[in-house]
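Subject: The structure I promised you

Hi,

Here is the structure we talked about, ready for you to open and turn around on your screen. Have a first look, then read on for what I found in it.

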Amino acid sequence: DDDLLPDQPLRLLADFDVVEDWVLEPGDVLYLPPGVAHWGTAVGECMTYSLGFRAPRAHELVSDWLQHLAERTPAAPLVDPSEGERTPGALSPGLIESARTLCNRLPEASAGDFTEWLGCFLTEPKPQFQIEPVQQPWTRPALADWLAHGGCLIRHPWARLCWARTDRGRVALFCNGTQRVFDETWLAELDRVCRHRRIGEARLSDLTREHWLTILLELVNAGVLEAADTPCDCA
């Protein structure tokens, strides 16, 4: 941080000392852990893609969490209990304490609501990566028959899924900034769906059929899971 070029849109080092040098062939991927300085140069005619796996910064988490709380805070007015006694133009101790009391009523980050907010926040896609629902929704029998005959579902490349236990003894499925809540008996099905990018009946055969079929039908019609063109090979 103390050796960056000033007034640049990117974090560029003023002095760069090469420690290792790699030449990638077509199709190669080089993974760089966070915090490793790097500099790439095209060798001949080629197309190079740099993909960043960026975790949210502390200020982004705090900002969105406070916005979440603000939207759910009752619209109680700020009242000065010492009005009529205060000096004009001065913030009275009573007014300051009244404002502090209103702010102290905000829930702490340990509350169950925090888990639900965090799951939605971490799976929220960028505006340009919104997934459209299917135009012709699947029916439950049609999806069950298609899977039984070797059909495979592939997760949409823009889909982001995770799950978490809530403080009410239930399990929440988070998908692209939305939340769906299930009974805890659905945990195994939710975990399997979040864990794999290719899903066929064989991969779910040891789970409760009624549960996973309900989950898959909702995700397929939301466009999160897509029907593959090839038979399933994900046993």
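One term before we start: a polar contact is a pair of N or O atoms within 3.5 Å, and within protein one of the two must be able to donate a hydrogen and the other to accept it. You'll need that for Arg 180, whose side chain makes a polar contact of 3.3 Å with the side chain of Thr 178. Please also keep in mind that this is a predicted model.

**The whole chain**

Let's zoom out. The protein chain contains seven helices and six strands. Starting at the N terminus, the order is α-α-α-α-β-β-β-β-α-β-α-α-β.

How does the radius of gyration of the protein chain compare with that of a compact globule of 235 residues? The globule would come out near 18 Å, while the protein chain has 26 Å. If you drew a box around the C-alpha atoms along the principal axes, the box would be roughly 80 × 55 × 30 Å.

Of the 235 residues, 28% are buried. The accessible surface is about 16,900 Å², and carbon and sulfur atoms own 55% of that. On the charge side, I get 21 positive and 36 negative side chains, with the centres of the two sets 7 Å apart. As for contacts, take those with a separation of 6 or more: 62% of them are between residues 24 or more positions apart.

**Strand 4 and the loop before it**

This is where I'd start clicking. Strand 4 covers residues 178–183, and Arg 180 is in it. Is Arg 180 buried or exposed? Its relative accessibility is 17%, so Arg 180 counts as buried. Leaving out residues up to four places away in sequence, Arg 180 touches Val 171, Ala 172, Leu 173, Cys 175, Glu 218, Leu 219 and Ala 222.

Val 181 is in strand 4 too. At 34% relative accessibility, Val 181 counts as partly exposed, because buried means under 20% and exposed means over 50%. Beyond its neighbours within four places in sequence, Val 181 is in contact with Arg 170, Val 171 and Ala 172. Try this one on screen: Val 181 and Glu 116 are 65 residues apart along the chain, and their C-alpha atoms are separated by 9.7 Å.

Asp 183 is another residue of strand 4, and with 34% relative accessibility Asp 183 counts as partly exposed. Which residues does Asp 183 contact, leaving aside its neighbours within four places in sequence? They are Arg 170 and Val 171. The side chain of Asp 183 also has a polar contact of 2.8 Å with the side chain of Thr 185. From Asp 183 to Arg 165 you go 18 residues in sequence and 9.8 Å in space, C-alpha to C-alpha.

Now step back into the loop between strand 3 (170–175) and strand 4, where you'll find Asn 176. Asn 176 isn't a glycine, but its phi is positive, about 50 degrees. With a relative accessibility of 13%, Asn 176 counts as buried.

Compare that with Asp 7, in the segment before helix 1 (58–71). Asp 7 also has a positive phi, near 60 degrees, in a residue other than glycine. At 80% relative accessibility, though, Asp 7 counts as exposed.

**A few helices**

How many of the nine residues of helix 5 (residues 187–195) are buried? Seven are, so "mostly covered" is a fair label, given that buried means under 20% relative accessible area. Those residues are Leu 187, Glu 189, Leu 190, Asp 191, Arg 192, Val 193 and Cys 194. Notice that charged side chains are on that list, including Glu 189, Asp 191 and Arg 192.

Next, go to helix 7 (residues 209–221) and find Asn 221. Asn 221 has 19% relative accessibility and counts as buried. Its contacts, apart from neighbours within four places in sequence, are Pro 133, Val 134, Pro 137 and Trp 138.

Last stop: Ala 142, in helix 4 (residues 140–148). At 35% relative accessibility, Ala 142 counts as partly exposed. Ala 142 and Asn 221 lie 79 residues apart in sequence, and the distance between their C-alpha atoms is 12 Å.

Have fun exploring!

Definitions and conventions
Residues numbered from 1 in each chain as written. Predicted model: local features only at pLDDT ≥ 70, side-chain atom pairs only at ≥ 80, totals over all residues. Heavy atoms only, no water. Helix = DSSP H or I, 4+ residues; strand = E, 2+ residues; numbered from the N terminus. Rg over C-alpha atoms; globule rule 2.2 N^0.38 Å. Buried < 20%, exposed > 50% of the residue type's maximum accessible area, 1.4 Å probe, protein only. Contact = heavy atoms within 4.5 Å. Areas by Shrake-Rupley, 256 points an atom, 1.4 Å probe, with all protein chains shown as cover. Charge placed at Lys NZ, Arg CZ, Asp CG, Glu CD.
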